[in-house]
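Here's a quick tour for anyone about to load these coordinates. Have the viewer open and follow along.

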Amino acid sequence: EQIEKGGYDHFMLKEIYEQPKAINDTYRGRLLRDEAIIKMAGIEDNMKKFLNANRIIIVACGTSWHAGLVAEYIFEDLARIPVEVEYASEFRYRNPVITENDILIAISQSGETADTLAAIKLAKSKGAFVFGVCNVVGSSIARESDAGAYTHAGPEIGVASTKAFTTQITVLSLIALRLARAKGTISSSDYRHHLLELEMIPGKVEEALKSDALIKSISQVYKDSPNFLYLGRGYNFPVALEGALKLKEISYIHAEGYPAAEMKHGPIALIDENMPIVVIATKKGHYEKVVSNIQEIKSRKGKIIGIVTEGDVQVKELADHVIEVPETLEPLTPLLTTIPLQLLSYHIAVMLNKNVDQPRNLAKSVTVE
Ligand code: G6P
C-alpha cells in the first residue's frame, strides 16, 4: 500500500496532487487547440439531440452533484441551455416531468451509485436521452447511458472525492464549450480564449498546490473549531458547498456551505469570534459584493480565511488569512479555488488523527439506496 501511495501519507493527498495530470488526461486528445476543435464522440454523434434539447437535467449525488451545480452555471452561461440539477435520490421518487426533448446528464465517479442509476432508468423510460459522465470505465452507469464521456482521472481510492470532482468539471466544461460553439452562443475569439485558458489549468493547479505549507499552518489555528462556514457566489457557490462537504467527511467538523449573499438570511446569526469562515473571493464575478460580505463578517468578529486571486489587495486588508490562486476565466475558477479547500480539510483531518482515506460511516461507492 505504501508503494501505491507513491510516497504520500494518504491516498487523498496523492490524489489532490495528481490533479494537474488528471485534468490534463481528461482533455488530452479532446481539446485540439491549434485547430480550435473539441472532439468528443459522444457529443458529435448526438449533436442534433443536444441542439434540439429543451433543457438538460443533471442528476448526481454527493461531490458529483456539486460538479453538476458548477456545470449548471457553465452550460447556461456559455451554451444558453436551461439546466436543472437534481439529487438523484429526490428526482427518482418525485414523479418528475420528463419529455423526449430532455437530456439527462448523470455524473458519477464510480458509475455505480444506486440512486443515480435508478434516475437514469426512470429518464430512459420516459424517452429522454441519457449522457453519462463517469470515471470508472465499463461501470453500470456508463453501460446504462445512451452515450457518455469518461473523466480519465485514474483510480480514486480516497473516499473523499478530489480529482474526480475537478475532472468532472473539466469534461463538463468541454461539453459546454463544444455546444456553445455549435449553437453560436460564444464568439470565436472567446471560444479560443477558453481553450487556451483550459490548457493552462494544470499549470495553475500546480501553482495553487504551492500554498500547501501555508494552508497547513492555517489548519493548525482552526483545527479545534467545532463549526465552519464556507461562502461563495456564482461559480464559486458550489465550491463553497464542496469545501464544507470535504471538511465534514474527513474531519467530522460541522461545516456549512452557503451562497455568500444568503448569509444575511440566517448564518450571520452564527458569526462570532469563534467562527472561522472560508470566503471564496476571486476577482471575477461578484468580487465587490463578496468583499462587502467580508466586511459584515469582520464587524461581527468572525475569523476570515479568504481564497483570493493572486495579487489581491482588498481582501488581504480585511481577512485574517488569505490563500491565493492564479487568475483564470470565471467559468474555470472552480478548478482552482477547490484546491486550497481540499488541502484545508486534509490537514485538519490529519491533525485530528482521523482516518482520512476511510472516514467512519462513509463508503466510496454507494450501491444501495
Ligand atoms: C459517496 C462518496 C462520495 C461521492 C458520492 C457519489 O458518498 O463517498 O465521495 O461523491 O458517493 O458517488 P459517485 O460515484 O456517484 O460520484
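What follows covers the sheets, the ligand shell, one helix and a few single residues.

Keep in mind that this is a predicted model. One open sheet has 5 strands in the order 4-3-5-6-7, and another open sheet of 5 strands has the order 9-8-10-11-12. There is also a ligand, with 16 residues around it.

**Sheet 4-3-5-6-7**

- The pairing in this open sheet of 5 strands is parallel.
- Which strands stand at the edges? They are strand 4 (83-87) and strand 7 (147-150). Each has a single partner strand, so one side of each has no neighbour in the sheet.
- Going from one strand to the next, the twist averages 20°.
- Strand 3 (residues 55-60) and strand 4 run parallel and are joined by 5 bridges. For a concrete pair to click on, take Ile-57, whose bridge partner in strand 4 is Glu-84.
- Helix 7 (residues 114-125) packs on this sheet, where it touches strand 3, strand 5 (102-108) and strand 6 (129-134). The direction of helix 7 makes about 165° with that of strand 5.

**Ligand shell**

- Of the 16 residues that surround the ligand, the closest are Gly-62, Thr-63, Ser-108, Ser-110 and Thr-113.
- Which helix gives the largest share of the shell? That's helix 5 (residues 62-79), with 3 residues.
- Sorted by type, the shell has 10 polar residues, 5 nonpolar ones and 1 charged one.

**Sheet 9-8-10-11-12**

- Here, too, 5 strands make an open sheet with parallel pairing.
- Strand 9 and strand 12 are the edge strands, and each of them pairs on one side only.
- The twist from one strand to the next averages 20°.
- Strand 8 (residues 227-232) is joined to strand 9 by 6 bridges, and the two run parallel. Within that pairing, Phe-228 has Ala-255 of strand 9 as its bridge partner.
- Strand 11 and strand 12 also run parallel, with 5 bridges between them. One pair to look at is Val-308 with its bridge partner in strand 12, Glu-324.
- Is strand 12 mostly covered or mostly open? Mostly covered: 4 of its 5 residues are buried.
- Helix 12 lies across strand 8, strand 9 and strand 10, and runs at about 175° to strand 9.

**Helix 11 and its two sides**

- Helix 11 (residues 212-222) has Ile-215, Ile-218, Ser-219 and Tyr-222 as its buried residues. Why do they share a side of helix 11? Because they cover an arc of only 105° around the axis.
- On the other side of helix 11 you'll find Ala-213, Ser-217 and Gln-220, which are exposed.
- What do the buried residues of helix 11 pack against? Their partners are strand 10 (276-281), strand 11 (303-309), strand 12 (321-325) and helix 15 (334-351).

**Ile-253, a buried loop residue**

- Ile-253 sits in the loop between helix 12 (237-251) and strand 9 (254-259).
- Is it buried or exposed? Ile-253 has 21 C-beta neighbours inside 10 Å, so it counts as buried; the cut-off for buried is 20 or more.
- Setting aside its neighbours within four places in sequence, Ile-253 is in contact with Ser-225, Pro-226, Phe-228, Leu-247, Lys-248 and Ile-348. Among them, Phe-228 is the residue with Ala-255 as its bridge partner in strand 9.
- The C-alpha atoms of Ile-253 and Ala-349 are separated by 9.0 Å, although the two residues are 96 residues apart along the chain.

**Two asparagines with positive phi**

- Asn-353 isn't a glycine, yet its phi is positive, at about 60°. Its place is in the segment after helix 15.
- Asn-353 is exposed, with 7 other C-beta atoms within 10 Å; exposed here means 12 or fewer.
- Asn-361 is another non-glycine with a positive phi, about 65°, and it is found in the segment after helix 15.
- How many C-beta neighbours does Asn-361 have inside 10 Å? It has 6, so Asn-361 counts as exposed.

How values were computed. Residues are numbered from 1 along each chain as its sequence is written. This is a predicted model: local features need pLDDT of at least 70, side-chain atom pairs count only at pLDDT 80 or more; totals for chains, interfaces and linings use all residues. Two strands pair if DSSP finds at least two bridges between them. Axes are lines fitted to C-alpha atoms, for helices over the stretch in contact, and angles run from 0 to 180 degrees between N-to-C directions. Two residues are in contact if their C-beta atoms, placed from the backbone, lie within 7 Å. A residue is near a molecule or strand if its C-beta atom, placed from the backbone, lies within 6 Å of it. Ala, Val, Leu, Ile, Met, Phe, Trp, Tyr, Cys and Pro count as nonpolar, Asp, Glu, Lys and Arg as charged, and the others, Gly among them, as polar. The arc is that of the directions from the helix axis to the C-beta atoms.
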